[in-house]
Amino acid sequence: MVETPERDQIGAQALAWLEQNWDPEFTVREWWARLAESGWGFPTWPREWFGRGLPAESAAAVREAFTKVGALGPPASLGQLLGGPTLLTHASDEQRARFLPALARGEEFWCQFFSEPSSGSDLASLRTRAVRRDDGWVVNGQKVWTSGAQFADRGMLAARTDPDVPKHRGITYFIIDLDQPGVEVRPLHQMSGAHGFNEVFFTDAWVADDRIVGELGGGWAVATTTLMFERFMTSLPSASPGRHSAHLDLRAGDVADGKVKLEREGSPYASASKVILDVASRLGKTADPVTRGRLAALLLLERTNAYSGMRQADAVRAGRRPGAEGSARKITRSNLARTARDVGMDTLGAYGMLAGEDTPGGGAVQDIALSSPGASIAGGTDEIQRNIIGERVLGLPKEPRIDRDVPFRDLTVGTAETEKPDKP
Amino acid sequence: MELVFTEEQEELRRTLRDFCADKAPSSEVRRLMEATEGYDPAVWSQMADQLGLQSLAIPEQYGGAGFGFVELAIVLEEMGAALLPSPYFASAVLAATALLTCSDEAAKKDLLPGIAAGTTIGTLAFTEENGRWDADGIGLAARRGDGGWVLDGTKMFVLDGHVADLVLVVARTAAGLSLFAVEGGAAGLTRTPLPTLDQTRKLARLDFAGVPARLVGADGEGGAILAGTLDRAAVALAAEQLGGAQRVLDMSVEYAKVRYQFGRPIGSFQAIKHKCADMLVEVESARSAVYYAAWAVAEDSSELPVVASLAKAYCSDAYFHAAAENIQIHGGIGFTWEHDAHLYFKRAKSSQLFLGDSSYHREQLAQRVGI
Ligand SMILES: Cc1cc2nc3c(=O)[nH]c(=O)nc-3n(C[C@H](O)[C@H](O)[C@H](O)COP(=O)(O)OP(=O)(O)OC[C@H]3O[C@@H](n4cnc5c(N)ncnc54)[C@H](O)[C@@H]3O)c2cc1C
């Protein structure tokens with residue numbers, strides 16, 4: 001980790017390419033097409049699939065280059081962040097050829113149809129059914145907390161194809177189109193009031209046979225891959241891909257400069273300590289020893305988290321498959337979100353009782369505070385990450401499980417009094 | 001000292017709980033939080049006429065019912081549990097306490113009966129744009145004009161300042177800090193509602209431009225009145241926080257019993273069970289602090305300044321911790337607008353900051369015990 005010539009070299013290459021090619025006058029669509037061709041948008045994807053075949057460790061250096069040049073980042077819906085890598089791991093070449101180009105060029109937005117009202121942490125208990133008809137599948141059920149479904153062209157769908165086997169074995173992973181009569185997206189609002197996620201209802205929705213990723217009944221392994229990528233997920237601020245968000249024809253430079261305000265989930269601030277330091281300066285609190293100590297503690301957490309990212313990437317380069325360590329980082333990010341929330345709000349003091357742009361920092365600290373609970377829930381809760389660390393990193397004995405070997409039909413799932421067990 | 005409630009006090013609690021359940025279900029709280037006024041005048045009248053809540057802790061000679069601070073704490077606990085939107089804290093706690101703490105018999109006789117009857121909504125304006133909660137932060141000036149005192153300057157974060165009929169203002173005179181009474185609709189007073197993080201609690205900015213004011217108490221008495229009022233208000237706020245903390249603990253425990261994942265209720269996972277247990281430990285400590293502090297107010301104990309800051313610091317953190325854990329225990333549904341968990345999260349955060357955050361009160365505590 002101390003030696004970084006390779007990382008520097010890749011960073012320098014990315015920088016050189018970006019300096020030569022970035023032009024704020026491009027439309028978002030044009031810029032992304034050019035990025036896709038160059039491989040710098042998705043440097044860790046293979047060369048034959050819009051990438052440069054670089055190790056994960058290089059991604060941070062490439063991101064830095066984007067920031068330095070001020071270039072608009074690559075498209076980053078869950079399709080690009082999770083779908084692409086999942087397809088590269090599990091899909092057939094035909095499927096890659098079919099889906100990766102539009103993802104790489106940002107022409108499509110994908111969402112993730114995993115969680116259901118009854119099945120969040122216990123994703124494998126999901127009830128959405130896919131039943132075979134002719135050369136495809138008919139899907140019925142409900143997904144929930146689906147981020148970005150209002151913009152999505154397709155979704156990564158985990159559905160139950162066999163309720164008679166234990167729950168992990170009867171799941172299949174599909175790529176389903178949203179633009180069809182059987183798919184209804186209803187908005188859900190998060191606690192800040194923003195519309196980030198949705199409920200999605202499938203009523204006799206159709207998905208063809210060739211949309212199965214991995215094996216029939218082998219969807220759990222594919223979903224696990226997606227979830228693993230989710231724990232590592234980082235992205236640059238960017239426009240939103242796909243035609244529904246209507247960003248493709250904007251001037252790329254305007255989006256890169258932040259002239260176009262984009263709705264993003266989670267905390268939109270790369271460095272909370274910077275935002276809070278700015279507020280502390282405005283309020284004349286930078287000399288206050290309590291504020292100083294707490295800001296320093298926040299900065300410390302931010303930095304160690306960044307170092308962990310580098311170290312993890314180095315481990316990957318050294319040939320170790322990333323796995324449960326992602327859980328440790330995800331918990332660190334939750335801690336970071338909570339610390340930023342508390343330090344930020346106390347720094348704001350009385351102004352923290354107010355909302356909106358007229359407060360010091362323009363409402364950024366309040367945004368951080370109101371998005372913080374999401375960090376420890378989305379993508380697998382902190383408790384689930386701790387279980388993974390305990391069992392898979394530390395090798396502690398597993399908790400006795402009562403749900404592994406029983407046919408899915410015989411399990412109790414969901415919320416007892418509000419939902420009757422109407423299992424498929 | 002008596003830290004156990006009488007049957008009468010328990011009856012008051014039950015009455016309040018039923019009243020809040022009836023008048024402030026989630027749907028009402030959400031309706032009122034969207035409105036600028038932030039409360040329902042009809043419910044406010046019922047609070048006064050049917051239950052006598054506004055008059056509860058005001059002595060009989062000023063039109064009150066003559067109960068003590070312990071009863072007031074019980075009421076606030078239940079209101080905090082339900083998030084009942086009303087100017088009760090502003091009027092029955094801040095304004096009434098400031099008047100009761102001052103030496104001005106005439107002002108008490110004039111102003112308290114209206115507060116007790118609920119026909120006057122009072123509030124206290126002391127914080128300014130610098131956001132400080134202590135007396136040194138106060139700069140708004142009072143001067144003698146032709147016909148009497150006149151105020152010029154700005155007050156911020158004034159609880160229910162946009163609907164108050166009577167604003168008690170702490171201002172600076174040659175003699176130091178003094179308390180003044182201003183009518184809500186006075187000429188030269190501009191009241192601007194502020195968008196709040198906790199929409200169930202309304203704050204306003206008040207700009208004074210030559211506003212005529214009545215001196216309450218002696219010129220220079222304002223510092224003592226403010227100190228006494230803020231200690232009592234801190235205990236009152238702690239009581240409200242206790243009620244909220246208990247309510248989110250109840251929500252968590254209830255959900256942990258009915259939500260199944262991995263074939264088991266999530267409450268059977270130690271990760272969740274221990275969270276709930278930790279919340280209970282903190283809520284019970286908060287309860288002890290609040291009841292002890294309420295007793296100290298009721299008995300006019302010399303310990304009050306110490307226990308006031310202690311209770312405020314402890315209950316603020318216990319409540320916020322519980323409110324955040326409540327969301328975590330609910331998972332994704334707890335992060336939604338539609339679920340009530342965020343209303344408590346926001347109330348807990350804003351009342352953690354209101355009247356001074358926990359670092360401030362811990363420092364006060366240290367100073368007051370002589371560290
Ligand atoms: C902002 C946000 C965005 C999201 N976006 C998406 C999306 O795009 N697509 C998607 O499919 N999902 C999405 N989700 C859903 C998310 O993955 C789930 O909310 C999460 O996995 C938790 O599931 P749940 O909400 O059902 O909570 P539950 O699983 O019901 O958990 C409730 C509580 O029980 C605890 N618990 C559960 N099991 C255990 C255990 N074994 N041991 C200890 N504790 C346990 C949990 O930690 C939690 O505290 C999103 C969620 C959020 C908050």
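This tour moves through a predicted model, beginning at the ligand and ending at two cysteines.

Residues are numbered from 1 along each chain as written, while chains are lettered from A and ligands numbered from 1 in the order of writing. In this predicted model local features need pLDDT of at least 70, side-chain atom pairs count only at pLDDT 80 or more, and totals for chains, interfaces and linings use all residues, with side-chain values resting on heavy atoms and leaving out hydrogens and water.

Select the ligand and the residues around it: of 30 residues, Ser121(A), Thr381(A), Arg259(B), Gln328(B) and Gly332(B) come nearest. The site is shared between chains, because residues from chains A and B surround the ligand.

Next, show the polar atoms of Ser121(A), where a side-chain N or O atom lies 2.6 Å from an oxygen atom of the ligand. Turning to Gln112(A), you will find a backbone N or O atom 2.8 Å from a ligand nitrogen atom, and at Thr381(A) a polar side-chain atom lies 2.6 Å from a ligand oxygen atom. The ligand taken alone exposes 980 Å², of which the protein buries 95% (Shrake-Rupley method, 1.4 Å probe).

Now colour α12(A), which gives the most to the shell around the ligand, with 3 residues (helices are DSSP runs of H or I, at least four residues, numbered from the N terminus).

Finally, select Cys111(A), which counts as buried at 0% relative accessibility (buried means under 20% relative accessible area, 1.4 Å probe, protein chains only). Cys315(B) is likewise buried, at 2%, and its sulfur is 19 Å from the closest cysteine sulfur, in Cys20(B), too far for a bond.

Methods:
Near = heavy atom within 4 Å. Polar contact = N/O pair within 3.5 Å; in protein donor to acceptor, adjacent residues only side chain to side chain. Helix = DSSP H or I, 4+ residues; strand = E, 2+ residues; numbered from the N terminus. Buried < 20%, exposed > 50% of the residue type's maximum accessible area, 1.4 Å probe, protein only. Disulfide = S-S within 2.5 Å.
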